[in-house]
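Q: I'm new to this one. Can you walk me through it?
A: Sure. Have a look first, then ask away.

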Amino acid sequence: MKLEKISVKEFLLRTKVGDLDLEDFSAHVIENSRSIQKKYNPFITLKDKIQAPQKKGKLFGLPISVKDNICTKGMQTTAGSKILEGYIPPFSATCVDNIMNEGGVILGKTAMDEFGFGTFSINCAYGIPKNPLDTDRSCGGSSGGASCITAAADFPHIALAESTGGSISCPAAFTGTVGLTPTYGLVSRWGLIDYANSLDKIGCIGKSVYDVALLLSVIAGNDPRDSTSLNVPKEDYTKFLKKDIKGMKIGVPEEYFEGVDEKITKVVWDAIKKLEDLGATYEEISLPHTKYSLPAYYIIAVSEASTNLAKYCGMRYGLHLQLQGNFDEYFSTVRSNGFGEEAKRRIILGTFARMAGYRDAYYLKALKVRTKVIEDFKKAFKQFDVLAAPTMPIVAPRFDEIEKLSPIEVYMMDILTVAPNLAGIPMISVPAGKVGGLPVGLHLMSDYLQEGKILQIANAFCL
Amino acid sequence: MLDYWKIDGELIKRVADNARLKLTEEEIEKFTIQLKDVLQAFKSLDEVDTNDVKPSFHPQKISDVYREDKSEKFSWEPLANTKHKEGKYFKGPRIV
């Protein structure tokens, strides 16, 4: 069976009318995935066999990979951490159930930085995914495995990913794929292994804007099991892909070009000019609190992470050691053995920022600065439909370059993605062009629940 | 904010003890330098005037959601993932 270049859309049209042998297709998918795994390591767990779809639905027979911090019933879920090795969730996340109820099939669990702690998918307890465009380079993080399999697969597939501070946009930009991060609360977080509860968002990475719009239509929706889940009606987001973009107003924040590689700046400006040619108008604007979003984001994220990670103590699931010493000694030994270096660093930072005497100066201050960042966006969206910027300040870096960076230098790489994540607004990264043969992402952001606008512009741009 | 030079190995050790992490001497030394670096860079937050600004614990206003107060049985086996159990209980380390 020739499956090369078959799109998700075409595949679903064919499975709908029964014009495709799903057993043959599944065998091809597994064979192809195994060969990709050998070359690029996108999976922590790859299934031996794809199960038949549960139902006929919007995703009938479509392989979906799931980031390994999203629970899948009966299938190991580690969040990329040794401390969760062997954990078999007795339930699936709501979004996974939604996918299976629409006939989607789970292909495997994708590699990630431990608990989402990273920008380059190098803090991985189960091997580092490599960029299919150049194996000496990172495929971005923390949803690195998701972007890797999306870029490498020759079969129709969409990846379920997750972002806290840019973990969907960054890997999409580095691999030339499309990454959609929805409004905070639009997709239920039930069954997601928390990094930072007020920031985590489940989203998708696909080969096309249609793919991510389709998967969002399946996973979005209110869930009583997640108290932060928004009470909004379900929507078919693919309907936004048919419209043109005449008259749409785009804001271009000047702060998002500071310190960005010149060649990347040119590619992104060319993209904005293309949007103008398609009928949109643009204007340069200022989001004055952008540079403060980085420290605010990190302080909030590590503070929340350090409380979330308190539950890993070798008693109920994951890594267990022999019960020795008192509870303090046992818990500390398990945690010191199970967490990787970046996890330990963030636990220390987060515990410090919440400690008596420092809490007001760090944690509370960061939350107030977050309010200012949100106000910047609110003001901008009174005037503009969408904001456009580069997704990342660099193209996918080589692993030997990453090794030389100090933790603060790595954190600084997130400067363009943390502000929209702090504000919880939707964003999409689409391939805008190339620099030195490597993809550059155009980042489009819109107001709360205005996914339709970024999908509409992204689709028009990619057509 | 704390002046970065006041961050030393002793503080890192105290924080690690609070977080139930046993750090090696090497880790304490490394984290002390890195934490100094990070907090020095984060001092820029002091430039933002946040007088009369309310903190945003969430990106949007979140209202409390309540479920009906009735007991439910687990639909799954809570002890399925533990290696330390006795009968129907989790077995933990000594408390004292």
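Q: Before anything else, what counts as a salt bridge here?
A: A side-chain nitrogen of Lys or Arg has to lie within 4 Å of a carboxyl oxygen of Asp or Glu. Keep in mind that this is a predicted model.

Q: OK. How far apart are N and O in the salt bridge of A:Arg225 and A:Asp223?
A: They are 3.6 Å apart, N to O. That is a salt bridge because the cut-off is 4 Å.

Q: And why would such side chains pair up?
A: Side chains of opposite charge can pair when their charged atoms come close.

Q: Is A:Asp223 buried or exposed?
A: A:Asp223 counts as buried, at 5% relative accessibility. Its partner A:Arg225 is partly exposed, with a relative accessible area of 45%.

Q: What about A:Asp134, which residue does its side chain meet in a salt bridge?
A: A:Arg137, at 3.0 Å from N to O. A:Asp134 is partly exposed at 25%. A:Arg137 counts as buried at 15%, because the limit for buried is under 20%.

Q: Got another pair?
A: Yes. A:Arg398 and A:Asp400 form a salt bridge, 3.0 Å from N to O. A:Arg398 is partly exposed, at 31% relative accessibility. A:Asp400 is partly exposed too, at 36%.

Q: Which residues do salt bridges with shared partners join into one network?
A: The network holds A:Glu341, A:Glu342, A:Arg345, A:Arg346 and B:Lys30.

Q: How many salt bridges are there over all chains?
A: The count is 22 over all chains.

Q: And how many between chain A and chain B?
A: Four. In one of them, B:Glu47 pairs with A:Lys291, with the closest N and O atoms 3.6 Å apart.

Q: Which helices of chain A each supply at least two residues to the side that touches chain B?
A: These are H8 (290-308), H9 (327-338), H10 (341-354), H11 (360-383), H13 (407-412) and H14 (418-423).

Q: Which one gives the most?
A: H11(A), with 13 residues.

Q: What kinds of residues make up that side of chain A?
A: There are 39 nonpolar, 18 polar and 12 charged residues on the side of chain A that touches chain B.

Q: How many residues are in contact across the two chains?
A: On chain A, 69 residues; on chain B, 53.

Q: What area is buried between them?
A: About 5600 Å² between chain A and chain B. Carbon and sulfur atoms give 69% of that area.

Q: How many residue pairs are in polar contact across the interface?
A: The rule finds 26 such pairs between chain A and chain B, with both residues at pLDDT 80 or more.

Q: Let's switch to chain A by itself. How many helices and strands?
A: Chain A has 15 helices and 11 strands.

Q: What does its C-alpha trace span along the principal axes?
A: About 70 × 55 × 45 Å for chain A.

Q: How does its radius of gyration fit a compact globule?
A: It agrees. Chain A has 463 residues, so a compact globule would come out near 23 Å, and chain A has 21 Å.

Q: What share of chain A is buried?
A: Buried residues make up 66% of its 463 residues.

Q: And how much of the contacts comes from residues 24 or more positions apart?
A: In chain A, such residues account for 76% of the contacts with a separation of 6 or more.

Q: Show me one example. Where is A:Val105?
A: In strand S3 of chain A, residues 105-110. A:Val105 is buried, with a relative accessible area of 6%.

Q: What does A:Val105 contact, beyond its neighbours within four places?
A: Its contacts include A:Ile50, A:Pro53, A:Leu62 and A:Ile64. A:Ile64 is 41 residues from A:Val105 in sequence, yet their C-alpha atoms are 5.9 Å apart.

Q: Last stop: where does A:Gln456 lie?
A: In helix H15 of chain A, residues 451-462. A:Gln456 is buried, at 10% relative accessible area.

Q: Which backbone oxygen lies 2.7 Å from a polar atom of its side chain?
A: The one of A:Asp244. Setting aside residues up to four places away in sequence, A:Gln456 also touches A:Phe240, A:Lys243, A:Ile245 and A:Met248.

Note on methods:
Residues numbered from 1 in each chain as written. Chains lettered and ligands numbered in written order. Heavy atoms only, no water. Contact = heavy atoms within 4.5 Å. Buried area = accessible area lost by both parts, 1.4 Å probe. Polar contact = N/O pair within 3.5 Å; in protein donor to acceptor, adjacent residues only side chain to side chain. Helix = DSSP H or I, 4+ residues; strand = E, 2+ residues; numbered from the N terminus. Nonpolar A, V, L, I, M, F, W, Y, C, P; charged D, E, K, R; others polar. Rg over C-alpha atoms; globule rule 2.2 N^0.38 Å. Buried < 20%, exposed > 50% of the residue type's maximum accessible area, 1.4 Å probe, protein only.
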